Every structure is written in C-alpha cells, then in structure tokens.
Amino acid sequence: MFAVENGLQGDPRLKAISDAIRVIPHFPKTGIMFQDITTLLLDPVAFKHVVDIFVDRYEHMNISLVAGVEARGFIFGPPIALAIGAKFIPLRKPGKLPGKVISEEYELEYGRDRLEMSVEAVKSDERALVIDDLVATGGTLSASISLLERAGAEVVECACVVGLPKFKGQCKLKGKPLYVLVEPSQFDELTTL
Amino acid sequence: MQTIISPLVSHRLCLAPAVPRYRLPNIYHRAPPSIRLSNHRSTTSPCLFSSAAAASRDSEMATEDVQDPRIAKIASSIRVIPDFPKPGIMFQDITTLLLDTEAFKDTIALFVDRYKDKGISVVAGVEARGFIFGPPIALAIGAKFVPMRKPKKLPGKVISEEYSLEYGTDTIEMHVGAVEPGERAIIIDDLIATGGTLAAAIRLLERVGVKIVECACVIELPELKGKEKLGETPLFVLVSSAA
C-alpha cells in the first residue's frame, strides 16, 4: 500500500521526498535504474518528512521493536525507533552480529544471500516493524519477517521509502502488509551531482 | 550487561560509585600497556570528565566535572563478547544499547547537546554502525547525513581513501558533491580502536575542503591510541574501555 492510497494524497511532503531521490542508471548493473536515497539524506527537510510520516503512522500501533535491514535500513530505522520508544534491531549480513544469532536465506536474482538476527534481542509477542529503504522483489523483507516470526515476534508491517508499483493496493508479503512512501523516481538527465 | 570500565585519569574527576572491576585481556595480542595511570583505584566505573587543557591529547569525555547519570546507564548497556570476531578480541557490542530505549535516547541526546548550535552542517557516518548513530543526530541538529561506505556500495561518482588494517588495507568512499568546501562536519562511528577508519574519513572530507570539527564515538579503546591518528581533529567519546 502506498502512502497516497492511505490518507496522504496531495501531501506535499511526498513530492519533496520523491524529488530528493536520485536515479542512477545501470547501477549496480546494466538495466537497473538505481534509486539513490543518499541525496534524500542530504536534504534535512525531506529526510525529516520521511521519519515524520512513518512516526505518525506507527506511534500509536504499540510497536515495541523496529528491525532495520543492513545497511540502508540502519539509516531510517533508528530515528523511527527513537521517536516511538521502540527498540532497534539490526538485521545483518552473515558474521557481523556477535552472540547467538538465527539466520534466514533468501533468493537474489543470481544466487542466494543470508540475513542474521540476534536471537536474544527479541522476546515473544513483541510487535515489530521492518524497515528498509526500498522493496523490489520482497526477498529481503520476507527473510526479515521469517527471522522475527521464528523468534516469536508479531510483524505488524513492513515499511519502505521506495517501492515498485506492483505493491499498490492490499499487496502483502508473507501475509504481512507493506507500507511504501513513493514509487521509484524517474531518471532525469539534467540532474547533476 | 557488561559494565565498561574506563581509566581514571584524575581522581577528583571521577565521582561515580564504585563498581566491580572487570579486567579485560589485551586485544590484538599486543603486550600489556606499560603506563599505569596515577591515582588508579581498585574499582573504576565509566567516567565523565572534562578534557584537560587543550595541550592534552586525551580524548574529551562529555561535558562537566560531574558524573552525568546517563553515562553509567549507557556504559552498562553495552555488552562485551569475548573472542569475537576472532580469539583474543573483546568485542564491544552496541546492539544491546539499541535495545535499551532510554540508553539509546540518552546517547543521541548527549551528542545532540554537544553539537547543536555549532554551525555543523554535515554529519558523516561510517558504515555500518555509524549509520545507526549519525542520522538521529543529523536530524536533531538540522544537518545533512553523509554515509561513508565500503567500496562499490555508493552509486555515481565517488572519492576514495585507502587506510591500513592490521593485515592489508581497506578503502572508504564518499559521494562527490555530497559536501561543499567550507562546511563544518562531525564524523560518527560506534567505536574508535586503532583510528584507521576515522583517519581515512577525516582525509576524505579534508580533501574536499570540509572542516572536521570533531570525531565522535560512543566507545573508545584507549590502549590502541586511535586518537593519535586523528591529527589535529579532536575526539569526543562517551565511554572508554580499557584493561
């Protein structure tokens, strides 16, 4: 579900967010129009809009933990967690987290990757939010949902700044709702930086 | 949660109640330090003390000559994991700090209190744990957040800086055009050990004409003397962890 479908139609903040995202063609490989959120981070007003919209949505949903996917989920997750009084849990590439971890494999376009979570970080019946900058195939978010559910948490929603248009409507990932702020920006040849 | 023990630089400055001493084995298999601090007490605790005169190269710990009650809680929320990622290393795990909502909030507040109203327009955060602490600070002080990343992660034009590891080298990258000459920046990471990464981050920003006001970390491992690699750039830490 996109923000415009859920009460934010015409909200000027969404355009500011979309305009702040830079498109890099053919990165990391030919054919991919990469949605670069680093330019959003250079715009403190637009970055704050992202956090404000997510906080407005989640602050009364009794969320006790925010899980952010390495590495760009680490940028958006903590400000939201801090504002709503939730714990922040990093979901990381293999071998990075110390202590006891559980891991979940997921598909890439070519091959597989793995995501890990500290098993001691999550108590049963916690209500969790998963954050990443962008959802494309949904593979990473699905792995994140699995990790949290295996540890006994209830995933309330997955939230991303950017999402492909196929996630409009009541689209769900592993049965969980998805909330997205903006569709991918279009490549603008005149954009400098 | 393991309490972080910091060295007692000056007896008069450490006002925290005594906690049991936890002797950390030396990491990186180096010889024990030969310097013993004067007035070393048998029990130590995380300290908050002002830096000595500017001539001193000691890292600055937060603010005044009094124990900030937030620091002890922050220190005690950091978990130490022995022999990670390899034998002999006592890993300072900040993920437990992130699970303590008050401690995480206080960590950010201590940095924000220090850097707000100082004309800082850039908060640069080192991948990946610098991405956790940098953005909340940047948002609170109205600055840009600039991620400094491992190679090939940033799309578009980047500049790179190589730095030494114990074995070999690594590279850190930043976007061309993310910062402008004359901007005032702080660099954030969760921890400073040997200082190699932060020194590379300083060089990257200085190459494009940015003034680094300070490097800021949650934790310092003072025996590794990382602050000596930072040149003229001051270092600010909340918690010091030493044998």
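Me: Which residues of α4(A) are buried in this predicted model?

Reply: In this predicted model, a residue counts as buried when its relative accessible area is under 20%. In α4(A), that group is made up of Gly73(A), Phe74(A), Ile75(A), Phe76(A), Gly77(A), Pro78(A), Pro79(A), Ile80(A), Ala81(A), Leu82(A) and Ile84(A). The helix is thus mostly covered, with eleven of its twelve residues buried.

Me: How may the span of helix α4 of chain A be checked, and what follows the helix?

Reply: The check compares an expected span with the separation of the end C-alpha atoms. Helix α4 of chain A covers residues 73-84, and at 1.5 Å a residue its twelve residues should span 16 Å. The end C-alpha atoms are 16 Å apart, which agrees. Just after α4(A), Gly85(A) adopts a positive phi of about 75 degrees.

Me: What do the corresponding values look like for helix α4 of chain B?

Reply: Helix α4 of chain B runs over residues 130-141; its twelve residues should span 16 Å at 1.5 Å a residue, and the end C-alpha atoms are indeed 16 Å apart. Eleven of the twelve residues of α4(B) are buried, so the helix is largely enclosed by the rest of the structure. Among them are Phe131(B), Phe133(B), Pro135(B), Pro136(B) and Leu139(B). Gly142(B), just after α4(B), has a positive phi of about 75 degrees.

Me: How many residues does each chain bring to the contact, and what area is buried between chain A and chain B?

Reply: An interface can be described by its residues and by its buried area. Chain A brings 36 residues to the contact and chain B brings 36 residues. About 2800 Å² is buried between chain A and chain B, and carbon and sulfur atoms give 73% of that area. Leu42(A), Leu82(A) and Pro98(A) supply 21% of the area that chain A buries against chain B, more than any other three residues.

Me: How many salt bridges and how many residue pairs in polar contact are counted between chain A and chain B?

Reply: Side chains of opposite charge can pair when their charged atoms come close. One salt bridge is counted between chain A and chain B. There are also five residue pairs in polar contact between these chains, with both residues at pLDDT 80 or more. On the side of chain A that touches chain B, the elements giving two or more residues are β1 (22-25), β2 (33-36), α2 (38-41), α3 (44-58), α4 and β4 (87-91) of chain A. Of these, α4(A) gives the most, with five residues. The residues on that side divide into 22 nonpolar, five polar and nine charged.

Me: Which residues form the salt bridge between the chains, and where do they lie?

Reply: The partners are Arg79(B) and Glu120(A), whose closest N and O atoms are 3.2 Å apart. Arg79(B) lies in strand β2 (residues 79-82) of chain B and Glu120(A) in the loop between β6 and β7 (127-135) of chain A, so the pair joins two chains. Arg79(B) counts as buried at 15% relative accessibility, whereas Glu120(A) counts as partly exposed at 45%.

Me: How is a salt bridge within one chain to be read, for example that of Lys93(A) and Asp113(A)?

Reply: One may consider distance, location and exposure in turn. The side chains of Lys93(A) and Asp113(A) meet at 3.7 Å, N to O. The pair links distant parts of the chain, 20 residues apart: Lys93(A) is in the loop between β4 and β5 (101-107) of chain A, and Asp113(A) is in strand β6 (residues 112-118) of chain A. Lys93(A) is partly exposed, with a relative accessible area of 28%, and Asp113(A) is partly exposed at 23%.

In chain B, Asp113(B) and Lys116(B) form a salt bridge of 3.7 Å, N to O. Salt bridges that share partners join Asp68(B), Arg70(B), Asp113(B) and Lys116(B) into one network. Over all chains, the structure holds 31 salt bridges.

Me: Is Asp36(A) buried or exposed, and what is it in contact with?

Reply: Asp36(A), in strand β2 of chain A, is buried, with a relative accessible area of 1%. The side chains of Asp36(A) and Thr38(A) are joined by a polar contact of 2.8 Å. Leaving aside neighbours within four places in sequence, Asp36(A) is in contact with Ile21(A), Arg22(A), Ile24(A), Pro155(B) and His175(B).

Definitions and conventions
Residues are numbered from 1 along each chain as its sequence is written. Chains are lettered from A and ligands numbered from 1 in the order in which they are written. This is a predicted model: local features need pLDDT of at least 70, side-chain atom pairs count only at pLDDT 80 or more; totals for chains, interfaces and linings use all residues. Side-chain values use heavy atoms; hydrogens and water are left out. Helices (H or I, at least four residues) and strands (E, at least two) are DSSP runs, numbered from the N terminus. The expected span of a helix is 1.5 Å times one less than its number of residues. Buried means under 20% relative accessible area, exposed over 50%, partly exposed in between (1.4 Å probe, protein chains only). Contact means heavy atoms within 4.5 Å. Buried area is the accessible area (1.4 Å probe) that two parts lose on being put together, summed over both. A salt bridge is a side-chain nitrogen of Lys or Arg within 4 Å of a carboxyl oxygen of Asp or Glu. A polar contact is a pair of N or O atoms within 3.5 Å; within protein, one must be able to donate a hydrogen and the other to accept it, and residues adjacent in sequence count only if both atoms are side-chain atoms. Ala, Val, Leu, Ile, Met, Phe, Trp, Tyr, Cys and Pro count as nonpolar, Asp, Glu, Lys and Arg as charged, and the others, Gly among them, as polar.
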